[in-house]
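Good morning, and thank you for coming. Today I should like to speak about salt bridges and about the residues that form them. Please look at the structure as it appears.

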Amino acid sequence: MYDKIPVLLDGDPGHDDAITFMRASSSPKLDIRAVTSVCGNQTIEKTTYNALRICTLLGLTCPVGKGRPAPLLAPPMNAPSVHGESGLDGPALPEPAMQPSRLRSVELMAKVLRESETPVTIVATGPQTNGAALLLAH
């Protein structure tokens, strides 16, 4: 049994993922090793920006990896009618206090998995593009 469960948060941060990230960061049972963004609710630029803003709000200092700009086999299908034009309309969030990792999502995921002495749980709350790309690449 582990003291804390190592996790990697992978999502397309809209309101639902923001709540998931908040709950994960407040859990004494989880060790967030990285956050990765994926194209989904909005473009990869917007979901990455939202992930950085959420991490800043929550005080998370783990690396944030930017994902692919589109799904593997289809064009992106963003949904501004669901979470707004920004992908996270409504709440006043701080500007990011960090930059995205120099590693893209798949490389960051692989690095976290390789370097961990214990199994890492990937908590994927958006499209499964990063997980699929990780499996294809590694």
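Does E115 count as buried or exposed? The model before you is a predicted one, and in this model E115 counts as exposed, because its relative accessibility is 54% and the cut-off for that class is over 50%.

Let us stay with this residue. The side chain of E115 meets that of K111 in a salt bridge, with 3.0 Å from N to O. Both residues lie in helix α4, which covers residues 105-115. They are four residues apart, so about one helical turn separates them. K111, at 30% relative accessibility, counts as partly exposed.

In general terms, side chains of opposite charge can pair when their charged atoms come close.

How many salt bridges does a search of the whole structure find? The search finds four, and I shall present further examples.

One of them joins K66 and E45, with 3.9 Å from N to O. This pair links distant parts of the chain, the two residues being 21 residues apart. K66 sits in the loop between β3 (64-65) and α3 (80-83), whereas E45 belongs to helix α2, residues 44-58. Both count as partly exposed: K66 has a relative accessible area of 25%, and E45 is at 47%.

Another salt bridge is formed by R33 with D31. Here the closest N and O atoms are 2.7 Å apart. R33 is partly exposed at 29% relative accessible area, and D31 is likewise partly exposed, at 28%.

Definitions and conventions. Residues are numbered from 1 along each chain as its sequence is written. This is a predicted model: local features need pLDDT of at least 70, side-chain atom pairs count only at pLDDT 80 or more; totals for chains, interfaces and linings use all residues. Side-chain values use heavy atoms; hydrogens and water are left out. Buried means under 20% relative accessible area, exposed over 50%, partly exposed in between (1.4 Å probe, protein chains only).
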